[in-house]
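Please look over the structure below before reading on. The text after it treats a contact between chains, the nonpolar cores and the relation between copies.

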Amino acid sequence: MGNDVPGPRELSRSVTLGELAARFGCELDGATDTVVKRVATLSGADADAVSFLANPHFRSQLADTRAAAVILEEQHRADCPVASLVSTNPYAAYARIAAFLHPPCDIEPAVHATATIAADAIVAESARVGPNVVIGPASVVGDRAMIGAGSVIGANVSIAADSRLLARVTVLDGVTVGARCLIHPGVVIGSDGFGFAEDEDAWVKVPQLGGVTIGDDVEIGANTTIDRGTIENTVIEDGVKLDNLVQIAHNVRVGAHTVMAAMSGAAGSTKIGRRCKVGGGVVMINHLEICDDVMFTFRSVVTKSVRTPGVYGGSLPADEAQRWRRNAARFRQLDALAERVRAIEKIGRHTESIKKTTQDQNND
Amino acid sequence: MGNDVPGPRELSRSVTLGELAARFGCELDGATDTVVKRVATLSGADADAVSFLANPHFRSQLADTRAAAVILEEQHRADCPVASLVSTNPYAAYARIAAFLHPPCDIEPAVHATATIAADAIVAESARVGPNVVIGPASVVGDRAMIGAGSVIGANVSIAADSRLLARVTVLDGVTVGARCLIHPGVVIGSDGFGFAEDEDAWVKVPQLGGVTIGDDVEIGANTTIDRGTIENTVIEDGVKLDNLVQIAHNVRVGAHTVMAAMSGAAGSTKIGRRCKVGGGVVMINHLEICDDVMFTFRSVVTKSVRTPGVYGGSLPADEAQRWRRNAARFRQLDALAERVRAIEKIGRHTESIKKTTQDQNND
Amino acid sequence: MGNDVPGPRELSRSVTLGELAARFGCELDGATDTVVKRVATLSGADADAVSFLANPHFRSQLADTRAAAVILEEQHRADCPVASLVSTNPYAAYARIAAFLHPPCDIEPAVHATATIAADAIVAESARVGPNVVIGPASVVGDRAMIGAGSVIGANVSIAADSRLLARVTVLDGVTVGARCLIHPGVVIGSDGFGFAEDEDAWVKVPQLGGVTIGDDVEIGANTTIDRGTIENTVIEDGVKLDNLVQIAHNVRVGAHTVMAAMSGAAGSTKIGRRCKVGGGVVMINHLEICDDVMFTFRSVVTKSVRTPGVYGGSLPADEAQRWRRNAARFRQLDALAERVRAIEKIGRHTESIKKTTQDQNND
């Protein structure tokens, strides 16, 4: 019987290096018939494992590896003490080989006896619905989709084929999730946006009437929250990857293939372009437009729209505390300091003429 | 049968502009008998929709709207190509009209067969308890309250009338929730405060014995966490609105009608006044006192008590990465820079006297 | 019958001050036979309560306390109007006395009828499994452990003796949790790390094949997320305390007895030493090594490895908004300002020689 909650992949395949090279477009420098059956780190590998070198951080570990083979770039081939699988993009080749050697379990179709499914909900025969799942009226679960234990699906929700909600995911009414998505535990999609109108010292709730549209091939990390739109939909386009504890406010649009690292967030109505890379802890204020191919480094605070692709930064690195405090104290006087410099420069211009005068006198 | 998980409001009413104007105190500039049945954005509206102009960001869209009517301020009436519903507070008027046109579903009283309710818990007959809900001993659920699917309610908890816990909310023992609250999925109320006493390189847990008191009309966003007090209670007063992923530590008090945007937080024992506005990502250290009517802008770090109402800021906006790095490098030398300026000024004072001397010489 | 969800401790013991002094190594300055039965704050205590003075913040409340006794340091004994329990570490003594007076409920062994437990999972007879819990194949729950309502435990998970998962905790496949851990609601352990290889404008998922190892005596706050390792395990060592909404990325190691306050996080592969203190909202980038006994103050951004124990800071305190904006605007010109100061200094060196020349002239 299948597993009601997912986890690391227990199964692994045995395959020759020759087959890996052929299947994943690598050039093999070594014996074609060596059999491997798992991936490992350079330092942790032994003779049945294939490893990789993608991050220069680990280059020093190459010389001592006992892996059967290492996936690497041409430039490192000469330094590899074992077989090489040479690739122009070793990290992507590794990702594909790792997925091939350690395939995810198939979804075994089943609806758990403890699931509560509305009479008019439609669950594909090939789908899997775990224990204690709740699925609301008029919702649809596609082929081979998995709704993990304890998940709550509202009304009029659509979960397309091959998507997996691992466990304890909440998808509220009117949300659409595309195909092949992977949604981690604790995710909430379709909570109300944070909208209140101020009226004489109190707040009038602005009804949040829109939905959420999630594209295909989206991954959403644990405990991330995505609010429904105020009137129209919040949109996460195809191929977007959101890490853990990310906040997507109402009416936001995240462009295709954009990645947002943990604890980042976008405030209401901000539109993020395609292929952007948003570092951990980055926050964007509301109503911004960020063009395609923008990268924000770790912990930046984005307060203006960005119309030029490129890299943008915004955090001050921690420092030894006493030095930090001295500099931070000076920051509070920075405007005054700049004014003092300007005053000096004014005098300086006088001094320059004095200098000239004095030199003239001396030259006399 | 009612819906076991909530979502956007499917129902809408049909109503004339005349009735809206009368009911919500707007001045109607247009035909009283035009019928509308939904709200829409200025650009998305058609002839059965009422729209609004509250944020100047959208002013340019007014000229082309095809809405039946637009809720707006007097100053924009002349520019409106369709009927106007003139209000001194168009956003609040919009909020009320939207709620009127799209009323939330009524709670249909029911206790789901899969709920686990302690024998001595008291659930009002008009309340709704969803699938897989757990309610502990001596807890009370008030009239027309809704405890959504998968929620866990501890012992001695009180949820007052008309409050809605949407789904997968956890309320631990001894917590009191007021009336008409709206609590989003993933919220945890009553987790232990983070209290440990250091003792010879290890930590002794400080028992967290207090509770949490949540006032009336409070809204709490998805995956927000509110810790119980150490000895006395953590308190969220009436009308407070907390966004998603907010952290409220033990013994904190949040004053009435204060709003805290996503990813903000208050550390232990900090007291926040009434009607404060806490921007996204703002954090406050422990043991602060913030007076009423304070606004902290986006991502501020609050390290001192605030005794004067007003606006306080504290984040540096992201910049083009190279420029950011140059400036950030200078920040590490800021104290030294200030000392250099002071040294120049000292010399400058000499120079001033030199200048005077030289001028005197020249005037000789 | 036992409680299916935990909360504050209802029970309290009655005990004499003499017994407390003897049991917890305090020196009693007062009547040995006074009976106390609860702890309280200095200001909230009455005659059956023991209070404490550990934080100088509360010193002013000592004079007016009506507690039966106050736990305090020798230096405050003379100022105490009631009995004193003198300790060299009053906060730790308080923590132990509070736990003694308000013991947590015993776990009453039981497996709730609504739990779904795999046939080959092993649950100790002395353990407690709450309503709607799911436990996957080959998992083990140790003696007196508690798996609270709505928790989801994957396959091949091990939860050691006396650990308590309060409610709605998710522990995915292959995770090991040590003894005496306390895990708060909404925690997710074993979600996939955020690993993707870029390949022609799209992302290839890097399979996350490692597990998570949690040591003994670890506490994990509400809605905190801990990702599984990419190949090897993410590790949380013994005695670590994580607050709410903390993010631990794949391959991170958190050293023994380190504490991380709310909303802090460590990015992939970072290794944090033992006995570190990580303030609220602190984030560390990936691949860092932080040595033992490092403290990062509130909201620091850590971008470099730290090899020297000590205190490191990194946040700028919020300021009155207009002043903040002026200083922040100057920050954008800081590099230019430093260059201007350097230019002045260059001229200054000329000026110095002028000054010397002028003085020589005057001395002539």
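**Contacts, cores and symmetry**

In this predicted model, S39(B) pairs with strand S40 (residues 319–320) of chain C in the antiparallel sense, over two bridges. Within this pairing, Tyr312(B) has Glu320(C) of S40(C) as its bridge partner.

The contact between the chains draws on 75 residues from chain B and 72 residues from chain C. On the side of chain B that touches chain C, the elements giving two or more residues include strand S21 (188–191), strand S26 (225–227), strand S39 (310–313) and helix H3 (321–331) of chain B. H4(B) supplies the largest share of that side, ten residues. By residue class, the side of chain B that touches chain C holds 33 nonpolar, 28 polar and 14 charged residues.

Next come the cores. Nonpolar side chains tend to be buried together in soluble globular proteins. The largest nonpolar core has 321 residues, and those touching the most other members are Val50(A), Ile71(A) and Ile71(C). Leaving aside residues up to four places away in sequence, Ile71(A) touches Cys26(A), Val50(A), Phe52(A), Leu85(A), Ser87(A), Pro90(A), Ala93(A), Tyr94(A) and Ile97(A). Another core, of 34 residues, lies apart from the largest one; among its members are Val70(B), Val86(B), Tyr94(B) and Ala98(B).

How are chain A and chain C related? A turn of 120° with a shift of 0.0 Å along the axis lays chain A on chain C, with an RMSD of 0.0 Å. The two copies are therefore related as by a three-fold rotation axis. Even so, the copies use different surfaces: of the contact residues of chain A, 18% recur in chain C.

Definitions and conventions. Residues numbered from 1 in each chain as written. Chains lettered and ligands numbered in written order. Predicted model: local features only at pLDDT ≥ 70, side-chain atom pairs only at ≥ 80, totals over all residues. Contact = placed C-beta atoms within 7 Å. Helix = DSSP H or I, 4+ residues; strand = E, 2+ residues; numbered from the N terminus. Nonpolar A, V, L, I, M, F, W, Y, C, P; charged D, E, K, R; others polar. Pairing = 2+ DSSP bridges. Core = buried A, V, L, I, M, F, W, Y, C linked by C-beta atoms within 7 Å. Buried ≥ 20, exposed ≤ 12 C-beta atoms within 10 Å, placed from the backbone. Least-squares fit on C-alpha atoms with pLDDT ≥ 70 in both.
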